[in-house]
Amino acid sequence: MQRTRFGEMACSIARTLDVIGEPWSPLILRDVWAGARRFDHIQADLGISRKVLTERLNHLVEQGVLERLPYDARPRYEYHLTAKGADLVEMLMVMAR
């Protein structure tokens, strides 16, 4: 089944759903906001598969919501909210209230 592409719509809500409308994305953003910035920490907290987490993190980085920063000589990264990501988390916190 083909997923509807909301990113092309002339509606800011639809375009936001294109970025974080997949069910794991808001939970990943919440974890990064709360301080779980490394892949293994996020995966352990959410119980999400490595494949799905990798796909979601890559998507959030591509959309400019998260940035990937190296923390080790090996290719290991931490994820940090960008300004756009902080705005999205603020919106999620309003929803949580």
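For a chain of 97 residues, a compact globule would have a radius of gyration near 13 Å, and the 14 Å of this chain agrees with that; the radius is taken over C-alpha atoms, and the globule rule is 2.2 Å times the number of residues to the power 0.38. The model is a predicted one, in which local features need pLDDT of at least 70 and side-chain atom pairs count only at pLDDT 80 or more, while totals for chains, interfaces and linings use all residues. Residues are numbered from 1 along each chain as its sequence is written, and side-chain values use heavy atoms, with hydrogens and water left out.

Along its principal axes, the C-alpha trace spans about 45 × 35 × 25 Å. The chain holds five helices and two strands, in the order α-α-α-α-β-β-α from the N terminus on; helices (H or I, at least four residues) and strands (E, at least two) are DSSP runs, numbered from the N terminus.

Of the 97 residues, 30% are buried, a term that stands for under 20% relative accessible area, with exposed meaning over 50% and partly exposed in between (1.4 Å probe, protein chains only). Among contacts with a separation of 6 or more, 39% join residues 24 or more positions apart, a contact being heavy atoms within 4.5 Å.

Two of the helices can be described by their buried residues and by the arc that these cover, which is that of the directions from the helix axis to the C-beta atoms.

| Helix | Buried residues | Arc | Glycine just after, phi |
|---|---|---|---|
| α2 (24-33) | S25, I28, L29, D31, V32 | 160° | G35, about 115° |
| α3 (39-46) | F39, I42, Q43, L46 | 95° | G47, about 70° |

In α3, the buried residues are F39, I42, Q43 and L46. Because their arc around the axis is only 95°, they lie on the same side of α3. Their cover includes α2, α4 (50-62) and β2 (77-81).

In α2, S25, I28, L29, D31 and V32 are buried. These residues cover an arc of only 160° around the axis, which puts them on the same side of α2. They pack against α1 (12-20), α3, α4, β1 (66-70), β2 and α5 (83-96).

The phi of G35, just after α2, is positive, and that of G47, just after α3, is positive as well.

At the surface, the chain exposes about 6400 Å², of which carbon and sulfur atoms supply 54%; the areas come from the Shrake-Rupley method with a 1.4 Å probe, and for residues only the protein chains shown count as cover. There are 14 positive and 13 negative side chains, and the centres of the two sets lie 2 Å apart. Here Lys and Arg count as positive and Asp and Glu as negative, without His and the chain ends, and each charge is placed at NZ of Lys, CZ of Arg, CG of Asp or CD of Glu.
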